[in-house]
Amino acid sequence: MTRPPLPPFTRETAIEKVRLAEDGWNSRDAGKVTQAYSDDSRWRNRNVFVQGHAEIEDLLSGKWEKELEYRLIKELWAHDTNRIAVRYAYEWHDADGQWWRSYGNENWEFDPDGRMRERHASLNDLKITPAERLFHWPLGRRPDDHPSLSELGL
C-alpha cells in the first residue's frame with residue numbers, strides 16, 4: 001500500500017501532501033484518516049502519546065466527538081527529503097456551544113511508501129466568539145477558493 005505523493009518531497013509534492021492531510025482530517029472519518037499512517041506510527045498530540053492504528057483511531061474518534069463542527073486549514077512551513085513541517089488552525093465548538101480556534105505546528109516523518117511514521121503536534125486553544133470565526137465553509141473539504149492561513153492573517 002502506498003500513499004502518494006511519496007518521498008523524496010519537492011515543494012510541490014509537500015504542498016500536495018499537506019492538502020491531502022487537511023482534506024482527510026476535514027472528513028472527520030477516523031478510520032479513513034488512520035490509513036494515512038504506518039501500522040506502528042508514533043504520535044505526540046498535545047500531551048498524549050499514541051502508537052499504532054488502534055490508538056490513533058481511538059484518539060481521532062474521541063477528538064471529533066468533542067470538537068464539533070471541526071474545520072481545519074493546514075499550511076506547509078518547511079520540508080526535507082522525507083519530512084514535512086506544517087502550521088495549522090482549526091475552529092470548532094464544544095457541547096456547550098463555546099467556539100474555539102486551535103493553533104498548532106506539526107512535524108511529520110514519512111516511510112518510503114508515503115505513510116506517516118511519526119507525527120509530533122503542539123497546539124493551543126483560544127476561545128472565540130461566533131463573530132470571530134473565519135472558517136465558514138460547509139463541513140468537509142475546504143473549498144479551493146477559501147483563503148489560506150497566511151491570507152487570513154493567521
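In this predicted model, strands E5 and E6 form a hairpin with five residues between them. Within the turn, Gly114 has a positive phi of about 85 degrees. E5 covers residues 99–110 and is joined to E6 by 12 bridges, the two strands running antiparallel. Along this pair, Tyr103 stands opposite Asn124 in E6. Strand E6, residues 116–128, is also joined to strand E1, residues 37–45, here by five bridges and in parallel orientation. In that second pairing, Tyr37 is placed opposite Met116 of E6. Strands of a sheet pair through backbone hydrogen bonds, either parallel or antiparallel.

The hairpin belongs to an open sheet of six strands, ordered E2-E1-E6-E5-E4-E3. Pairing in this sheet is mixed, with E1 and E6 running parallel and E5 and E6 antiparallel. The edges are occupied by strand E2 (48–51) and by E3. Each of these edge strands has a single partner strand, so one side of each is left without a neighbour in the sheet. From one strand to the next, the twist averages 20 degrees.

A further contact in space involves the loop between E4 and E5, where Gln98 lies. The C-alpha atoms of Gln98 and Lys127 are 7.3 Å apart, although the two residues are separated by 29 positions in sequence. Gln98 has a relative accessibility of 27% and therefore counts as partly exposed, the buried class being under 20% and the exposed class over 50%.

Rolling a probe the size of a water molecule over the atoms shows where empty space is left. In this model, the count comes to one cavity of 30 Å³ or more. The largest cavity holds about 50 Å³ of space. Its lining consists of Trp25, Asn45, Lys63, Tyr70, Leu72, Lys74, Tyr88, Tyr90, Glu106, Arg119 and Leu123. The elements that give two or more residues to this lining are strand E3 (68–79), strand E4 (83–93) and E6. E3 gives the most, with three residues. By class, the lining of the largest cavity has six nonpolar residues, four charged residues and one polar residue.

Helix H1 spans residues 11–27, a total of 17 residues. From first to last C-alpha, H1 reaches 25 Å, close to the 24 Å expected at 1.5 Å a residue. The buried residues of H1 are Ala14, Lys17, Val18, Arg19, Ala21, Glu22, Asp23, Gly24, Trp25 and Asn26. One of these, Trp25, is also among the residues that line the largest cavity. H1 is followed by Arg28, which lies in the loop between H1 and helix H2 (30–34).

Several backbone angles in the model call for separate description. Most residues other than glycine have a negative phi, and most peptide bonds are trans. Arg28 has a positive phi, near 55 degrees, in a residue other than glycine. With a relative accessible area of 29%, Arg28 is partly exposed. Glu69 likewise has a positive phi near 55 degrees and is not a glycine. Glu69 is located in strand E3, and its relative accessibility of 35% places it in the partly exposed class.

Two cis peptide bonds are also present in the model, one from Pro4 to Pro5 and one joining Pro7 and Pro8. For the bond from Pro4 to Pro5, omega is near -5 degrees. For the bond between Pro7 and Pro8, omega is about 5 degrees. Pro5 is found in the segment before H1, and Pro8 lies in the segment before H1 as well.

Conventions. Residues are numbered from 1 along each chain as its sequence is written. This is a predicted model: local features need pLDDT of at least 70, side-chain atom pairs count only at pLDDT 80 or more; totals for chains, interfaces and linings use all residues. Side-chain values use heavy atoms; hydrogens and water are left out. Helices (H or I, at least four residues) and strands (E, at least two) are DSSP runs, numbered from the N terminus. The expected span of a helix is 1.5 Å times one less than its number of residues. Buried means under 20% relative accessible area, exposed over 50%, partly exposed in between (1.4 Å probe, protein chains only). Two strands pair if DSSP finds at least two bridges between them. On a 1 Å grid over the protein atoms alone, a cavity is a set of points where a 1.4 Å probe fits but cannot get out, and a pocket is an open set with protein on both sides within 12 Å along at least five of seven lines; lining residues have an atom within 4 Å of a point. Grid points are joined across faces, edges and corners, and a volume is the space filled by probe spheres set on the points. Ala, Val, Leu, Ile, Met, Phe, Trp, Tyr, Cys and Pro count as nonpolar, Asp, Glu, Lys and Arg as charged, and the others, Gly among them, as polar. Axes are lines fitted to C-alpha atoms, for helices over the stretch in contact, and angles run from 0 to 180 degrees between N-to-C directions.
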